[in-house]
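Colleague: Please show me the model, and then I will ask about the terms used for it.

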Amino acid sequence: MMSVATVSPILHNIDNLVGYLKRGRGLDSDYSDLGLIDQRAKRLKVETDVGISGEASFAFDEKPRFSEVRFGYIPKGLVLRDVEIDRLRNENTRNLLLNHKKLHLVLDLDHTLLNTTFLDEMSPEEEYLKTQTQSDHSLQYVHVVDTPSRQLMTKLRPYIRTFLVQASQMFELSIYTMGNRDYALEMAKLLDPGNHIFGGRVISRDDSTETERKSLDVLLAQDSAVVILDDTKNVWTNDNRDNVIVMPRYHFFRTSCQKFGLSKGKPYSELKTDECDRYGGAYLANVLQLLGNIHTIFFNEVELQGWDLIDRDVRLVLKILRKEVLKGCKIVFSHVFPSNVEANTHPLWKMAEQLGATCSTQVDPSVTHVVAANARTQKSFWAVKEGKFLVNPQWIHTANFMWQKQPEDNFPCH
């Protein structure tokens, strides 16, 4: 029987995991092609109740039992039972933390790393993109993708190449999308043509254990060592939402804007420009800096003194960093919330508190900011008279997205 120690480096290369699982079943040791594994396993009629130490199995037509999870993206049809899942998660996480100083990073695709539209739904002002090439137009990372049904055009988010390379030095990267598997694999090829970064860790809705929800159940990693980048928390199960860093949605094409009700003005595609933050940089550059801070704190003995590395929880690090964003700010809200809503129950109030601010309903000398819907409220006049910051609500939202306190002058209250 193969010892657990043999498993430690497996997830750096999916083929290595396949080999491990296969060798534990007494199969030949030279499998590297996933299709060949499927054929050979079917030919050998491997049954689902036999596996590594009785815990892993290849299943093709049978549904998994209650205590099993399908890991079809590792190879097709792979099912692991609870005990083996725990062993692999623990060993892979221990290996990454102790030997490589890496955490896990799960990346959403649409509106997080890229934006996609159907070619036959592009507006007349977007038609120029169909005839441009990578070398002769200023917009980088525009690709036409063929699928069995329709052609797609995909635009990768600015700074994506640098982001993926540098993030992979601190994290083991996986893709997790609610798109189907064929789409997920095509997008992975665009992002990582040489398969050096994701190593086959591409998870689609076909692999998810939840209907219309994402769950870390299908990731061979401990939840305490996983960071998630997604454009929404709501697609994740409640158990995993504390792992999520919410990204500003990337809308490049007109159809994407229309889908989310953003009909005012022209999209980037028609303006022949691209996304940048308020200061002219790329959002992914800011996120990369944040990920670097998370990595530094997690592996810093001083910051988390008394916690053994294997027992640390990255979700605690996220809370620590969020609490620093508006630390020292005391905020009073003015005409921001509906009259029938208790102020301290409103999402914006809660967001400010999560960012480290103290919130109040009354003005006093200790108040630093008045957040107002307009500049003609009584509290707004008070802020101007007393020399306090007067800002609009977007100041808090942007600080939440950027994980950084924003210059108040950029968010005037009119």
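What follows is a short exchange on rings, charges and a pocket.

Modeller: This is a predicted model, in which local features need pLDDT of at least 70, side-chain atom pairs count only at pLDDT 80 or more, and totals for chains, interfaces and linings use all residues. Residues are numbered from 1 along each chain as its sequence is written, and side-chain values use heavy atoms, with hydrogens and water left out.

Colleague: Why is the pair of Tyr250 and Phe252 called tilted?

Modeller: Rings of Phe, Tyr and Trp (its six-membered ring) pair if their centres lie within 6.5 Å; planes under 30 degrees apart are stacked, over 60 edge-to-face, and the rest tilted. The centres of Tyr250 and Phe252 are 6.4 Å apart and the planes are at 40°, so the pair is tilted.

Colleague: What makes the pair of Phe252 and Phe253 edge-to-face?

Modeller: Its centres lie 5.0 Å apart with 90° between the planes, therefore it counts as edge-to-face. Tyr250, Phe252 and Phe253 form one aromatic cluster.

Colleague: How do you know that Phe253 is buried?

Modeller: Buried means under 20% relative accessible area, exposed over 50%, and partly exposed in between (1.4 Å probe, protein chains only). Phe253 has 0%, so it is buried.

Colleague: Why is Lys155 said to sit over the ring of Phe252?

Modeller: The rule asks for NZ of Lys or CZ of Arg within 6 Å of the ring centre and within 35 degrees of the ring normal. The charged end of Lys155 is 5.3 Å from the centre of the Phe252 ring, so the distance fits. Arg150 lies over the face of Phe118, at 3.6 Å from the ring centre.
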